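Open the model in a viewer and keep the selection panel at hand. The stops below are meant to be taken in order.

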There are 2 protein chains.
Amino acid sequence: MQHIQFFGNHLRQLREEANLPLRKVAAALDIDPSTLSKIERGERVANEGMAQIIAQLFDQPVDELKIMLWSDRIAGELCNEENIPEILENTRKKINYLRAQSLEQGKLDFEE
Amino acid sequence: MQHIQFFGNHLRQLREEANLPLRKVAAALDIDPSTLSKIERGERVANEGMAQIIAQLFDQPVDELKIMLWSDRIAGELCNEENIPEILENTRKKINYLRAQSLEQGKLDFEE
DNA sequence: TTTATATTTGACAAATATTGTCCAGAATAT
DNA sequence: ATATTCTGGACAATATTTGTCAAATATAAA
């Protein structure tokens with residue numbers, strides 16, 4: 001699987017604007033500076049916990065960062081596939097369906 | 001990560017309509033019958049090679065099966081996340097962008 | 001230039017996750 | 001009731017991801 005690095009690019013930009021060395025941000029994230037370097041360059045992937053911390057650290061909306069992170073991840077998985085629009089639309093529908101279902105389920109549990 | 005089983009349900013339906021036991025289809029896929037059982041029930045995941053073989057075996061459009069497989073997989077990864085529409089739309093845009101880029105790159109290589 | 005600091009790169013083991021395989025028990029069909 | 005099919009769990013084998021470190025490279029400051 002290929003790594004997409006919009007998140008990493010963004011993070012590097014934030015970090016450089018703040019004039020912080022990898023060392024500092026890595027410490028905040030509790031990871032090795034070399035790992036952070038790889039994240040910024042798309043060799044490794046961040047996780048949601050990191051997105052949280054970065055959001056705080058640079059006063060960014062956490063939702064945007066998470067969206068960036070997830071879409072990087074999924075884009076990396078799908079980028080060599082065909083029928084991308086169909087796959088994504090199907091995904092959206094399935095999740096909708098599943099959520100509607102668990103709502104139903106919730107209702108039933110409540111009513112019983 | 002949770003497993004979504006639209007693909008598995010579909011496969012089970014095809015298999016039962018064809019009156020084939022797990023054993024037979026598993027042999028065609030070169031996997032253990034119990035693994036196939038698990039795939040049909042969403043405990044394990046199929047891969048693209050299996051989708052190919054299933055398409056042949058049951059004379060189904062391979063693209064549809066692959067779309068089903070991939071959207072199951074992505075839906076499983078995302079089903080507990082927020083901002084699903086945004087994530088999926090961002091994913092689509094990124095892949096578009098990356099593909100436009102490699103076209104560009106291709107053109108440059110060719111022109112040089 | 002030297003020296004210090006920051007970043008990149010590669011290697012490797014540790015931790016996780018996935019997959020293949022088998023078997024015993026449950027369910028279903030004959 | 002016998003045979004066949006299916007399920008569920010266990011377990012090792014494999015693959016993937018992650019953490020960690022040290023050496024090489026690049027950048028900045030003196």
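Which atom of DNA strand C is 2.6 Å from an N or O atom in the side chain of B:Arg44? Select B:Arg44 and look at the strand: the partner is a base nitrogen. This is a polar contact, here a pair of N or O atoms within 3.5 Å; within protein, one must be able to donate a hydrogen and the other to accept it, and residues adjacent in sequence count only if both atoms are side-chain atoms.

Before moving on, note that this is a predicted model, in which local features need pLDDT of at least 70, side-chain atom pairs count only at pLDDT 80 or more, and totals for chains, interfaces and linings use all residues. Residues are numbered from 1 along each chain as its sequence is written, chains are lettered from A and ligands numbered from 1 in the order in which they are written, and side-chain values use heavy atoms, with hydrogens and water left out.

**DNA strand C**

Stay with this strand and select A:Arg41, where an N or O atom of the side chain is 2.5 Å from a phosphate oxygen. At A:Leu22 a polar backbone atom lies 2.6 Å from a phosphate oxygen of DNA strand C. Now show the 16 residues around the strand (near means one heavy atom within 4 Å). By class they are three nonpolar, four polar and nine charged, where Ala, Val, Leu, Ile, Met, Phe, Trp, Tyr, Cys and Pro count as nonpolar, Asp, Glu, Lys and Arg as charged, and the others, Gly among them, as polar. H3(A) gives the largest share of this surface, three residues; helices (H or I, at least four residues) and strands (E, at least two) are DSSP runs, numbered from the N terminus.

**DNA strand D**

Next, select DNA strand D and the 17 residues that surround it, the closest being A:Arg44, B:Arg12, B:Leu22, B:Ser37 and B:Arg41. The side chain of B:Arg12 has an N or O atom 2.6 Å from a phosphate oxygen, and for B:Arg15 the corresponding distance to a phosphate oxygen is 3.0 Å. At B:Ser34 the partner is a base oxygen, 3.4 Å from a side-chain N or O atom. Of the strand's atoms within 4 Å of the protein, 44% belong to sugar or phosphate and the rest to bases.

**Between the chains**

Hide the DNA and colour by chain. In contact (heavy atoms within 4.5 Å) are 30 residues of chain B and 30 residues of chain A. The area buried between them is about 3,000 Å², with carbon and sulfur atoms giving 69%; buried area is the accessible area (1.4 Å probe) that two parts lose on being put together, summed over both. On the chain B side, select B:Ile67, B:Trp70 and B:Lys94, which lose the most area to chain A, together 20% of what that side buries.

**The cores**

Select A:Ile74, A:Leu78, B:Ile74 and B:Leu78, the residues with the most contacts inside the largest nonpolar core, which has 20 residues. Such a core is a set of buried Ala, Val, Leu, Ile, Met, Phe, Trp, Tyr and Cys residues joined through side-chain atoms within 4.5 Å; buried means under 20% relative accessible area, exposed over 50%, partly exposed in between (1.4 Å probe, protein chains only). Helix H5 (62-78) and helix H6 (84-111) of chain A, with helix H5 (62-78) and helix H6 (84-111) of chain B, each supply at least two of its residues. Apart from this core lies another, of 18 residues, among them B:Phe7, B:Leu14, B:Ile31 and B:Ile54.
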